[in-house]
Amino acid sequence: MVRIITDSSADLEPQEYQNLNITCIPLTVFFGDTEYQENVNLSKNQFYDLVSGGEFPKTAQPSPQDFLNVFEDAKAKGDDLIYIGVSSAVSGTLQGAHLAKSMAEYDRIHIIDSLSASYAIRILAEYAVELRDAGMPVADIVEKVTALVPRVRIAAALDTLEYLRRGGRLSAAAAAVGTLANLKPVVHLTDDGKVGMLAKCMGKVKAQKELLDYLARHEVDIAFPFYTIYSHGTENCEKLEARLAEAGITVDERQQIGLTIGAHIGPGASGFVFVEKA
């Protein structure tokens, strides 16, 4: 048996993990002294409701022991295991998985760095499931999913600078000036898995134009899903979808961003995830 594993940064819902037969290792988030586990006792909407209450969350990656529990169970049952994790450039989660693999001493564990996050991981995981369910050998699944990694693209326009300030990624002075100027950052995951700035736009309309310009530079592979993504509140995403329709882009589903990225971008964000043609 081939097991597909992700962490909760892949942003699938609990029922989707179950339907796809994917094991999810949850990330932890703290609001003050209260600890939650994503998709266990904290849904996406509950998370954004807590954030809207004014308290900034702190996130924590799974421990090596969290991975080891899953890895040792696979070892005991003689299963192959593929873990597709959040970008090693933005989180130490993958490092914990590698440590757990060395502790398990089981060479049928395969770890893939998504070099991305959120629904980009979902696309990779869904592809792995498709190949697994078709009966493909584990080595071939790993090879094909790894080859897909550099083709998965994710970009989004932020509606507020407040959460970048709260998370220490932007100074209070810069956030104040940017807010007065109505700046809307447009970000993406770079080829090396880091958060990159595409542009700092004056207003939502220009930010969405920047997203469409980004999309125009990458030919969409329609063999894979095209997802629009939003954090909290769908208004901006709906406007983006209207512009995508005008550009002839078919959206398969609208998906809500979870806490891994949502903690840093805040409400009103909108964007998309797709696979670029090889």
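Below is a short set of questions and answers about this predicted model.

User: Before we start, what pLDDT do local features need here?

Analyst: Residues are numbered from 1 along each chain as its sequence is written, and side-chain values use heavy atoms, with hydrogens and water left out. The model is predicted, totals for chains, interfaces and linings use all residues, side-chain atom pairs count only at pLDDT 80 or more, and local features need pLDDT of at least 70.

User: Which helix gives the most residues to the largest nonpolar core?

Analyst: A nonpolar core is a set of buried Ala, Val, Leu, Ile, Met, Phe, Trp, Tyr and Cys residues joined through side-chain atoms within 4.5 Å. Buried means under 20% relative accessible area, exposed over 50%, and partly exposed in between, using a 1.4 Å probe and protein chains only. The largest core holds 50 residues, and Phe47, Ile82, Ile84, Val145, Val152 and Val273 touch the most other members. With helices (H or I, at least four residues) and strands (E, at least two) taken as DSSP runs numbered from the N terminus, the top contributor, with 10 residues, is helix 5 (residues 119-133).

User: Which residues does Ile82 touch, leaving out those up to four places away in sequence?

Analyst: Contact means heavy atoms within 4.5 Å. Ile82 is one of the core residues that touch the most other members. Its contacts are Val2, Arg3, Ile4, Ile5, His110, Ile112, Val138, Ile141 and Val142.

User: Is Thr6 buried or exposed?

Analyst: Thr6 sits in strand 1 (residues 2-7). Beyond its neighbours within four places in sequence, Thr6 contacts Tyr17, Ile22, Thr23, Cys24, Ile25, Tyr83, Ile84, Ile121 and Ala125. Its relative accessible area is 0%, so Thr6 is buried.

User: How are the rings of Phe47 and Tyr48 arranged?

Analyst: Rings of Phe, Tyr and Trp (its six-membered ring) pair if their centres lie within 6.5 Å; planes under 30 degrees apart count as stacked, over 60 as edge-to-face and the rest as tilted. That rule gives 11 aromatic pairs. For Phe47 and Tyr48 the centres are 5.0 Å apart and the planes meet at 70°, so this pair is edge-to-face.

User: Which residues form one aromatic cluster with Phe47 and Tyr48?

Analyst: Phe47 is buried at 1% relative accessible area, and Tyr48 is buried at 2%. The cluster that holds both of them is completed by Phe31 and Tyr36.

User: How many residues apart are Phe67 and Tyr83?

Analyst: Phe67 and Tyr83 are each buried, Phe67 at 0% relative accessibility and Tyr83 at 0%. Their ring centres lie 5.0 Å apart with planes at 65°, so the pair is edge-to-face. Phe67 belongs to helix 3 (residues 64-77) and Tyr83 to strand 6 (residues 80-85), so the pair links distant parts of the chain, and the separation is 16 residues.

User: How far apart are the closest N and O atoms in the salt bridge of Arg153 with Glu276?

Analyst: A salt bridge is a side-chain nitrogen of Lys or Arg within 4 Å of a carboxyl oxygen of Asp or Glu, and the model has 18 of them. Arg153 is in strand 8 (residues 152-157) and Glu276 in the segment after strand 13 (270-275), 123 residues apart. Both residues are buried. The closest N and O atoms are separated by 2.9 Å.

User: Which residue forms a salt bridge with Glu219?

Analyst: Glu219 is exposed, with a relative accessible area of 51%. Glu219 lies in the loop between helix 9 and strand 11 (227-230), and its partner is in the segment after strand 13, so the pair ties together parts that are 58 residues apart in sequence. The closest N and O atoms are 3.5 Å apart, and the partner is Lys277.

User: In the hairpin of strand 3 and strand 4, which turn residue has a positive phi?

Analyst: Two strands pair if DSSP finds at least two bridges between them. Strand 3 (residues 28-31) and strand 4 (residues 34-37) run antiparallel and are joined by 4 bridges; Phe30, for example, has Glu35 as its bridge partner in strand 4. There are 2 residues between the strands, and the one with a positive phi, of about 65°, is Gly32.
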